[in-house]
Amino acid sequence: VAAISMFILLVILFRYEFNQRRIQLLATVQSQTRLMKQIAGHNIALSDALLDKDPLYNPYTATLAEFKTALRSIEEIGGTMEFTLAEQQGDSIIILLTHLTDNNNHPAPIAMDSDLAQPQRRALNGETGTMIGLDYQGHQVISAFDYINELHLGVVVKIDVEEIRAPFFRAVITGTTVTGIIILFGSLAFIWIGNPVIRRLENNNKYLQKEIDARKQIESVLQESEEQYRTLFQQAS
C-alpha cells in the first residue's frame, strides 16, 4: 500500500511538473516572439530612412543582430534549456540562432521531412503551441514554438525531457529504498510483537483440541453404553 501510494503521488507530481514546464516555455517563447516582432517592426519602419545613409542596410539582418544581444537576458528554465531561431530554405530547416552554440557554428541543415527538429518544423508551418518530440540534435524535448510572420522565422524554446525526469527517478529510487526499509522493520516488529500472541493462541488451540477430543471420547462411551442398555431392554422377557 505504501509503495503504490508513493508511485501514484510521484506520477501526479510528474504530470504537474510537465504541465508547469509547458506553461513556462509557452510564456517564454511568446514573450520572445513579441520582442522580435517589435524589433523587426521598428527596423522595417526605419529602413527607408537608413537606406539613404547605408544602401547595404537590411532590417532582417539588423533584427537578428539585435536579438542576439537580447538573448543574453533570457532567464534559463533549466540546464538544457535552449532558444532557437530557424527558417525554411527550400526543403531544409536552417537553424539561424541558438544561444547554446557559437554564432559562427550553426547546426547542419535538416530536411523538412526528417524526424528531427519537430518543434522547428511546426513553428515554420505557422503553428503555435507546445509538444514533446525530437529536437534538431535528436534529443527528446518538451518545447514551445511560435512563428514570426514579418520575418518568416520559427521560434522554439525547449528543454530536455531527461532533465525533468531525472529528479523523479531519483525520488523513485529514494522512496523505494526508504519504503522497503520501513516495511522490513515493520515486518520484524510485527513478528517480534505477534509471535508471543501467536504462540499463546496455538497453546489455547491445543488445549481446546484436547477438550474436544475428551468430549468426543466421553460421547462415544456414552453412546456405546446406551446401545447396550437399549439392546438389553428390547430383549428382556
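How many aromatic pairs does the structure hold? In this predicted model, there are two.

**Aromatic residues**

A pair of aromatic rings is described by the distance of the centres and the angle of the planes. For phenylalanine 14 and phenylalanine 168, the ring centres are 5.1 Å apart and the planes stand at 85 degrees, so this pair is edge-to-face. The cut-off behind that label is an angle over 60 degrees. The two residues come from distant parts of the chain, 154 residues apart. Phenylalanine 14 belongs to helix H1, which covers residues 2-53, while phenylalanine 168 belongs to helix H4, residues 161-235. Phe18 joins Phe14 and Phe168 in one aromatic cluster.

Are these two rings' residues buried or exposed? Phenylalanine 14 has a relative accessibility of 23% and counts as partly exposed. Phenylalanine 168, at 17%, counts as buried, because buried means under 20%.

**The sheet**

Six strands make up an open sheet with antiparallel pairing, in the order S3-S2-S1-S6-S5-S4. Strand S3 (110-111) and S4 are at the edges; each has a single partner strand, so one side of each lacks a neighbour in the sheet.

Three of the strand pairings are set out below.

| Strands | Bridges | Sense |
|---|---|---|
| S4 (residues 129-134) and S5 | six | antiparallel |
| S5 and S6 (residues 153-160) | eight | antiparallel |
| S1 (residues 82-89) and S6 | five | antiparallel |

Individual residues show how these strands line up. Glycine 129 has phenylalanine 145 in S5 as its bridge partner. Tyrosine 147 is partnered by glycine 154 in S6, and threonine 84 stands opposite valine 156, also in S6.

Strand S5 takes part in two hairpins. With S4, strand S5 forms a hairpin that has five residues between the strands, and glycine 138 in that turn has a positive phi of about 85 degrees. With S6, strand S5 forms a hairpin with four residues between the strands; here histidine 152 in the turn has a positive phi of about 55 degrees.

Why is strand S5 described as largely enclosed by the rest of the structure? Strand S5 spans residues 140-148, and eight of its nine residues are buried, so the description follows from that count.

**Helix and sheet**

Helix H4, which holds phenylalanine 168, also lies across part of the sheet. The strands that H4 crosses are S4, S5 and S6, and H4 runs at about 20 degrees to S6.

Key: Residues numbered from 1 in each chain as written. Predicted model: local features only at pLDDT ≥ 70, side-chain atom pairs only at ≥ 80, totals over all residues. Heavy atoms only, no water. Phe/Tyr/Trp six-rings, centres within 6.5 Å; stacked < 30°, edge-to-face > 60°. Buried < 20%, exposed > 50% of the residue type's maximum accessible area, 1.4 Å probe, protein only. Pairing = 2+ DSSP bridges. Contact = heavy atoms within 4.5 Å. Axes fitted to C-alpha atoms, helices over the stretch in contact; angles between N-to-C directions.
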